[in-house]
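The following exercises are to be worked with the sequence and the model at hand. Each task is followed by a solution in steps.

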Amino acid sequence: SMGRNYNKLKGRIAELGLTQTSLAALIKINESTMSQKLCGKSAFTTTQIDEICKVLDIANEDIGAYFFTA
């Protein structure tokens with residue numbers, strides 16, 4: 001496991017009234033891929049992180065807190 005903690009990211013998704021499924025659709029990845037990434041089974045690509053940040057309105061300086069927290 002990558003050992004990543006995506007609780008803050010999951011919180012942001014919920015805060016905006018989205019779901020893992022709707023976010024996956026918005027950034028054009030498979031729902032199961034999104035689920036695996038949020039469970040820490042595989043890493044988000046730089047492109048996916050950029051796209052998620054656009055959708056969730058996450059500032060560049062906050063990326064670490066959302067994507068790189070152990």
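**Exercise 1: Charged side chains**

A search of the whole structure, which is a predicted model, finds one salt bridge. Identify the two residues of this salt bridge and classify each as buried or exposed.

Solution. Step 1: the side chains that meet are those of glutamate 15 and arginine 12, at 2.9 Å from N to O. This distance satisfies the criterion of a nitrogen within 4 Å of a carboxyl oxygen. Step 2: both residues belong to helix 1 (residues 7-15), where they are three residues apart, about one turn of the helix. Step 3: glutamate 15 has a relative accessible area of 59%, over the 50% limit, and is therefore exposed. Arginine 12, at 14%, falls under 20% and is therefore buried.

**Exercise 2: The nonpolar core**

Determine which residues of the largest nonpolar core touch the most other members, and which helix gives the most to this core.

Solution. Step 1: the core has 18 residues, of which Leu9, Met34, Phe44, Ile52 and Phe67 touch the most other members. Step 2: two or more residues come from each of helix 1, helix 2 (20-26), helix 3 (31-38), helix 4 (46-56) and helix 5 (63-67). Step 3: helix 4 gives the most, with four residues.

**Exercise 3: The buried face of helix 3**

Explain why the buried residues of helix 3 line one face.

Solution. Step 1: the buried residues of helix 3 are Met34, Lys37 and Leu38. Step 2: viewed down the helix axis, these residues fall within an arc of 95°, so they line one face. Step 3: the buried residues pack against helix 1, helix 2 and helix 4.

How values were computed. Residues numbered from 1 in each chain as written. Predicted model: local features only at pLDDT ≥ 70, side-chain atom pairs only at ≥ 80, totals over all residues. Heavy atoms only, no water. Buried < 20%, exposed > 50% of the residue type's maximum accessible area, 1.4 Å probe, protein only. Core = buried A, V, L, I, M, F, W, Y, C linked by side-chain atoms within 4.5 Å. Arc of directions from axis to C-beta. Contact = heavy atoms within 4.5 Å.
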